[in-house]
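Q: Please give me a close look at a single part of this model, and show me how that part sits within its wider surroundings. I would like the cut-offs spelled out as you go.

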Amino acid sequence: MNKDQFIQKLYPTLPVSVIAPMERLNTPGSRYWIANDGLWVETYRPWLYLLQPVSVANKGTTPFGVIPAPVLELPKLPRAVLTEFVERAIDACPNEIGCWIFLDTEGRHRLVWHDQVGTPDLLHYTRPTPNPGESLVWDIHSHGKEPAYFSSIDDADDFGDTKISMVIGSLNEAEYTLAARLTSREITITLNS
Ligand SMILES: [Zn+2]
């Protein structure tokens with residue numbers, strides 16, 4: 001298999017039919033769709049389904065079928081898991097702290113405090129390894145006294161992962177701040193606005 005064949009097998013690219021309904025991707029991976037208005041991406045993971053526009057025009061530009069609406073299906077982070085993180089983050093403040101949360105195929109959570117060294121500006125950590133059948137779903141870190149936002153360092157950290165990233169900040173104040181987004185290869189979707 002040459003490099004072109006490898007990339008095209010990994011990311012099949014299909015025209016949307018004008019007569020038949022689309023069949024959902026149901027194995028882990030991604031594929032691109034050429035729809036009437038341009039390029040869409042479809043991604044499936046055991047915990048995620050998305051069908052989103054990547055590069056589209058206002059009007060139909062191709063002879064192919066229409067994708068009627070974007071789809072985004074995500075799991076919900078249990079409140080108790082978020083509370084556990086926030087308590088540790090307040091204790092660590094002003095230093096940053098982080099955790100990863102894996103989901104198995106039964107929908108069970110596993111929170112991992114990875115090996116880490118946090119300062120008020122940075123978090124160095126070793127990426128934990130999932131157990132068989134687990135997926136990384138949430139990557140949460142704190143910003144100490146700083147507000148929650150995605151820094152350029154966070155952008156670089158998240159690149160290449162398909163996951164939900166969360167930042168919790170303003171931990172020295174009465175109410176913390178939170179920023180959340182889904183990242184995947186093609187798109188980043190803000191989740192808390
Ligand atoms: Zn950050």
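A: Let's start with serine 135: leaving aside residues up to four places away in sequence, its contacts (heavy atoms within 4.5 Å) are Pro46, Trp47, Ile101, Phe102 and Leu103. The model is a predicted one, where local features need pLDDT of at least 70 and side-chain atom pairs count only at pLDDT 80 or more, while totals for chains, interfaces and linings use all residues. Numbering runs from 1 along each chain as its sequence is written, and side-chain values use heavy atoms, with hydrogens and water left out.

Serine 135 belongs to strand S10; helices (H or I, at least four residues) and strands (E, at least two) are DSSP runs, numbered from the N terminus. With a relative accessible area of 18%, serine 135 is buried. Here buried means under 20% relative accessible area, exposed over 50%, and partly exposed in between, using a 1.4 Å probe and protein chains only.

Strand S10 spans residues 135–142 and also holds histidine 141, which leads us to the metal. The protein donors of the zinc ion are His141 (NE2), His143 (NE2) and Asp154, listed twice through OD, at 2.0 to 2.4 Å from the ion. Donors are N, O and S atoms within 2.8 Å of the metal (3.2 Å for Na, K and Ca), and water is not among the atoms, so sites may look incomplete. Along the chain the donors follow H-x1-H-x10-D. Histidine 141 in S10 and aspartate 154 in helix H3 (residues 152–158) are 13 residues apart, a pair that links distant parts of the chain. Histidine 141 is buried at 10%, and aspartate 154 is buried at 6%. The angles among the 4 donor atoms run from 56 to 167 degrees, and the site is irregular. For four donors, tetrahedral would need all angles between 85 and 135 degrees, and square planar would need opposite donors over 155 degrees apart with all others between 65 and 115.

S10 also has a place in the interior. The largest nonpolar core has 28 residues, and Leu77, Trp138, Ile140 and Met166 have the most contacts inside it. Such a core is a set of buried Ala, Val, Leu, Ile, Met, Phe, Trp, Tyr and Cys residues joined through side-chain atoms within 4.5 Å. Two or more of its residues come from each of strand S4 (48–56), H2, S6, S10, S11 and S12. H2 gives the largest share, 6 residues.

So what about H2, a partner of S10? Its buried residues pack against S10, as well as S6 (98–103), S7 (109–112), S11 (163–169) and S12 (177–183). Those buried residues are Val81, Leu82, Phe85, Val86, Ala89 and Ala92. Viewed down the helix axis, they fall within an arc of 130 degrees, so they line one face of H2; the arc is taken over directions from the axis to the C-beta atoms. The face turned away from the buried side carries the exposed Arg79, Ala80 and Asp91.

Just one backbone detail to finish: proline 94 lies in the loop between H2 and S6, and the peptide bond leading to it from cysteine 93 is cis, with omega near 15 degrees. Most peptide bonds are trans.

Definitions and conventions:
Four donors count as tetrahedral if all angles lie between 85 and 135 degrees; four count as square planar and six as octahedral if opposite donors are over 155 degrees apart and all others between 65 and 115; anything else is irregular.
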